[in-house]
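Biologist: Please take one part of this model and look at it closely. I would like to see how the strands are put together, with named pairs where you have them, and then how that compares with the rest of the chain.

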Amino acid sequence: MSKYFKCTTNKNPLEYTCGEKIIFTVSARDNRIDTACRYVKWVLDGDDGQHSEGFDACWGGHPIVIETTLDKPGFARLTCTAFSDDNAPLPDFAPIDVSAGADVDKLCLLDTVPDDFDQYWSELKAMVDGFNCELVSNEEVTSGVPEGIKCYDIRISTPEGRNASGYLSIPQKSGKYPIHVTFLGYGVAGAWAVHDPDAISLCLNAHGIENGLCHTESALKYKDELQNYGFSKEENASNMTTYWRNMMLRDLVALKYLKTLPQWDGENLSVSGGSQGAFQSTIMASVDSDVTFLDIQVPWFCNMRAEQHGFMKGVRPEFAEGLRYFDTVAHGMRVKCPVKMIIGLGDYTCPPASTMTLYNAFNCEKTLEIVQGMPHSLALPPEDEHFYKSNVEIKPGRYRHFKGNEYEVLGTALDSENCQDVVLYKALYGEQKLWVRPLHMFSEHVYKNGKFVKRFEYID
């Protein structure tokens, strides 16, 4: 493990209020032991427009302490980089990128939803519903496919633009199965196969291009057409010409086709993805009422006008009028199924203020995992800290664990060591032992037999 920085805050980084002092404490570490760093450049920015920077040193017992406040709801971002005596970044000393937020529950969409927003999506959905989508090709894939699974490289016709394409895996054992669809992040590449013995699995490529090509092959073949796709301000000026329209059309066609499969159980349809894949998944959950679970990480395209209001900029297309119909936050308001979401407080491709806004917009059952210092790649820091939010109410009564045993919830409490909400419950079998579990774990959904189910289901 290379050397790295560890940063802690003086309280949960999501629980500050505007004007309250935020204290970042940074120490240099080597394999979880304090070490020294003579030259540390730190930079502090905020969604309220603040900016400061400086050089400092830290060693065992003498961390760097940086204090700030925020004067509007949003986040303060701190980055630290180790330098050598000759003013060059140290390659074996990992930098850190962390955040803390104030009044983050007040973050909201900084735009009005267009008057014809719902009409636009209803018409797109109606176009798909009225279209007779067919398999254009259906080639069986055998390499790397586990026993008991049939895998196909499929292409599905669409009413406009390219066909939808992806890898479809179906359990061979007769029966009815849930559907799980995976959407991928930004890039010019085909899909990859996802195999699950308990589910019909489709990994959809975003562009309707060939599957099986590596990133380099795809990028070279489609360089002229797909390089920087979706970033053209001219195309994004209208919701009819933006690249994202046909991408979502392909996604909706794929869901429609999957629901015609005789192996589908007719009940469970989950969608998941990270970054652009989370953007696609959220829109599918918004537009297609048959989606029953939304599982997303580091979602993209959230709160597209945030930069115009002074918030720190991420990596995404410059705002244009047509993009208002694709803002993930506007779609989040319309999602009805349960949501499981993960974000990183070191992610400034999709900044925390934007992803927190999406979480706030969901008006359904939702849980959020927040990882301090985690970047957009989802790589965990050496000493990772996790925080959680949920709107799930745990009331006293009888619950059934997803493995079958029943328990009685006696109430909720606060852990004295970390002020984390916990659930106190009693087993209704055997010695009827008392148990304590963090509330976010008690209330979360888990993936079992191809579908997302509650860890504890309320009975009465």
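Modeller: Start with a pair of cysteines. Cys-37 has Cys-58 of strand 5 as its bridge partner. This is a predicted model, with pLDDT of at least 70 needed for local features and 80 or more for side-chain atom pairs, while totals for chains, interfaces and linings use all residues. Numbering runs from 1 along each chain as its sequence is written, and side-chain values rest on heavy atoms, without hydrogens or water.

Cys-37 belongs to strand 4, which covers residues 37-46. A strand here is a DSSP run of E, at least two residues long, and a helix is a run of H or I, at least four long, both numbered from the N terminus. Strand 4 and strand 5 run antiparallel, and seven bridges join them. Strands count as paired if DSSP finds at least two bridges between them. Follow the ladder and you meet a second pair: Val-43 stands opposite Glu-53, again in strand 5.

Now the turn. Strand 4 and strand 5 form a hairpin, and four residues lie between the two strands. One residue in that turn deserves a look: Gly-49 has a positive phi of about 95°.

Zoom out one step. The hairpin strands sit in an open sheet of four strands, in the order 5-4-7-9. The pairing in this sheet is antiparallel. Read the order from the left and strand 5 comes at one edge, covering residues 51-58. Strand 9, residues 96-102, is the other edge. Each of these edge strands pairs on one side only. Neighbouring strands in this sheet are turned against each other by 20° on average, direction ignored. Other angles run from 0 to 180 degrees between N-to-C directions, and axes are lines fitted to C-alpha atoms, for helices over the stretch in contact.

For comparison, go to the other open sheet. It has five strands, ordered 23-22-21-20-26. Its pairing is antiparallel too. The edges are strand 23 (434-438) and strand 26 (456-458). Strand 23 and strand 26 each pair on one side only. In this five-stranded sheet the twist averages 40° from one strand to the next.

Look at the edge with strand 23. Strand 22, residues 421-427, pairs with strand 23 in the antiparallel sense, over five bridges. An aromatic pair marks the spot: Tyr-425 has Trp-435 in strand 23 as its bridge partner.

There is another hairpin to set beside the opening one. Strand 24 (residues 445-448) and strand 25 (residues 451-454) run antiparallel and are joined by four bridges. Here the hairpin has two residues between its strands. Asn-449 lies in the turn, with a positive phi of about 55°. Two lysines face each other on this ladder: Lys-451 of strand 25 is the bridge partner of Lys-448.

Last, the helices. Helix 1 spans residues 117-129, and helix 4 spans residues 243-258. The axes of helix 1 and helix 4 come within 10 Å and cross at roughly 50°. That angle is why helix 1 is oblique to helix 4. Under 35 degrees is roughly parallel, over 145 roughly antiparallel, 65 to 115 roughly perpendicular, and the rest oblique.

Helix 4 also packs with helix 5, residues 276-287. The angle between helix 4 and helix 5 is about 60°, and their axes are 10 Å apart. Helix 4 and helix 5 are therefore oblique to each other.

Back to where we began. Trace the backbone from Cys-37 along strand 4, which ends at residue 46. Pass through the turn that holds Gly-49. Then follow strand 5, which occupies residues 51-58. At Cys-58 you are at the bridge partner of Cys-37.
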